[in-house]
Amino acid sequence: MIALLCGLLASTGLMAEAKPGDLPPDLLGRTLDGQTVTASALHGKVVVLGFWATWCKYCMKEMPILAGLQTLATDRRLPLQVVYVNSKEDRPVFVRASRVLNRRMPGLLITWDEHGSIGEPYGASRMLPVMVLLHKNGSIADIRVGYGESDLDELVAEINTLMAEATAPAADVPTGAATQ
């Protein structure tokens, strides 16, 4: 009964989608070598999540640009981490693509979202590419759907603004709360 209700709410658009200011789900997928990547482990960095698939031509156009940003950030020791999340592709496709991409773009952190559940809150199960920008405190700064070369300057400016922000707590936690 609960599953039916959740399905009905999702189909009518009544279930909450992630939006700026929200904390994202922690899991960002697993790497080719099986390491779990979480948003909480990346606190203190601006995180760019890119949801992609090998069949998505715009994803493949976007990827080298994000890899270039990651390389620049790494070289300059800037607090940025690009995580490229492969969405809803079979494991053999993910493995082959990751091996090729890791050789060509070693700075990208590539993970796998077999069922699309990680990208679901951002609409990545309906359309690709989807890019999610996270503040240093881990909260969602922006969600971008689609790709356009005319948007690149705006994207770089937004990432620079996020990197210039001071790190703040991820959630409002009452101070002086008694613990038991």
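## Trp52 and its surroundings

Leaving aside neighbours within four places in sequence, Trp52 is in contact with Cys59, Met60, Met63, Tyr84, Val85, Asn86, Ser87, Ala97, Leu101, Ile110 and Leu128. The structure described here is a predicted model, and in this model Trp52 lies in strand S3. The relative accessible area of Trp52 is 0%, so the residue is classed as buried. Trp112 stands 60 residues away from Trp52 along the chain, yet the C-alpha atoms of the two are separated by 9.7 Å.

Asn86, one of the contacts of Trp52, has its place in strand S4. Although its side chain is that of an asparagine, Asn86 counts as buried because its relative accessibility is 0%. Once neighbours within four places in sequence are set aside, the contacts of Asn86 are Trp52, Ala53, Thr54, Phe94, Thr111, Trp112 and Asp113.

## Overall layout

The chain has four helices and seven strands, and from the N terminus on these elements run in the order α-β-β-β-α-β-α-β-β-β-α. Of the 180 residues in the chain, 42% are buried. Among the contacts in the chain with a separation of 6 or more, 69% are between residues 24 or more positions apart.

## Strands S3 and S4

Strands S3 and S4 pair in the parallel sense over seven bridges, and one of the bridge partners in S4 is Val82, which is matched with Val48. Eight of the eight residues of S4 are buried, so this strand is largely enclosed by the rest of the structure.

In a regular strand the side chains alternate between the two faces of the sheet. In S4 both faces are covered, with Leu80, Val82, Tyr84 and Asn86 buried on one side and Gln81, Val83, Val85 and Ser87 buried on the other.

## The nonpolar core

The largest nonpolar core holds 47 residues, and the members that touch the most others are Leu49 and Phe51. The elements that give two or more residues to this core are S3, H2, S4, helix H3 (91–104), S5, S6, S7 and H4.

For Phe51, when residues up to four places away in sequence are not counted, the residues touched are Cys59, Val85, Ile118, Gly119, Tyr122, Ala124, Leu128, Pro129, Val130 and Val132. Cys59, Val85 and Leu128 also appear among the contacts of Trp52.

## Helix H4

Helix H4 has 13 residues and reaches 18 Å from its first C-alpha to its last, close to the 18 Å expected at 1.5 Å a residue. The buried residues in H4 are Leu155, Glu158, Ile159, Leu162 and Met163. Seen down the axis of H4, these buried residues fall within an arc of 135°, so they line one face of the helix. An α-helix has 3.6 residues a turn, so residues three or four places apart point the same way.

The buried residues of H4 pack against strand S3 (46–52), helix H2 (57–75), strand S4 (80–87), S6 and S7. On the face of H4 turned away from its buried side are the exposed residues Asp153, Glu154 and Ala164.

## Salt bridges

Side chains of opposite charge can pair when their charged atoms come close. With a cut-off of 4 Å between a side-chain nitrogen of Lys or Arg and a carboxyl oxygen of Asp or Glu, the count comes to five salt bridges. Asp142, Arg144, Glu154 and Glu158 are linked in a network of such bridges. Within this network, the side chains of Arg144 and Asp142 meet at 3.3 Å, N to O, and both of these residues are buried. The side chains of Arg144 and Glu158 meet at 2.7 Å, N to O. Arg144 lies in strand S7 (residues 140–145) and Glu158 in helix H4 (residues 152–164), so the pair ties together parts that are 14 residues apart in sequence. The relative accessibility of Arg144 is 14%, so the residue counts as buried.

Another salt bridge joins Glu17 and Arg126, whose closest N and O atoms are 3.5 Å apart. Glu17 lies in the loop between helix H1 (2–11) and strand S1 (27–30), and Arg126 in the loop between strand S5 (109–113) and strand S6 (130–134), so this pair ties together parts that are 109 residues apart in sequence. Glu17 is partly exposed, with a relative accessible area of 36%, whereas Arg126 is exposed, with a relative accessible area of 57%.

Terms used: Residues are numbered from 1 along each chain as its sequence is written. This is a predicted model: local features need pLDDT of at least 70, side-chain atom pairs count only at pLDDT 80 or more; totals for chains, interfaces and linings use all residues. Side-chain values use heavy atoms; hydrogens and water are left out. Buried means under 20% relative accessible area, exposed over 50%, partly exposed in between (1.4 Å probe, protein chains only). The expected span of a helix is 1.5 Å times one less than its number of residues. The arc is that of the directions from the helix axis to the C-beta atoms. Contact means heavy atoms within 4.5 Å. A nonpolar core is a set of buried Ala, Val, Leu, Ile, Met, Phe, Trp, Tyr and Cys residues joined through side-chain atoms within 4.5 Å. Two strands pair if DSSP finds at least two bridges between them.
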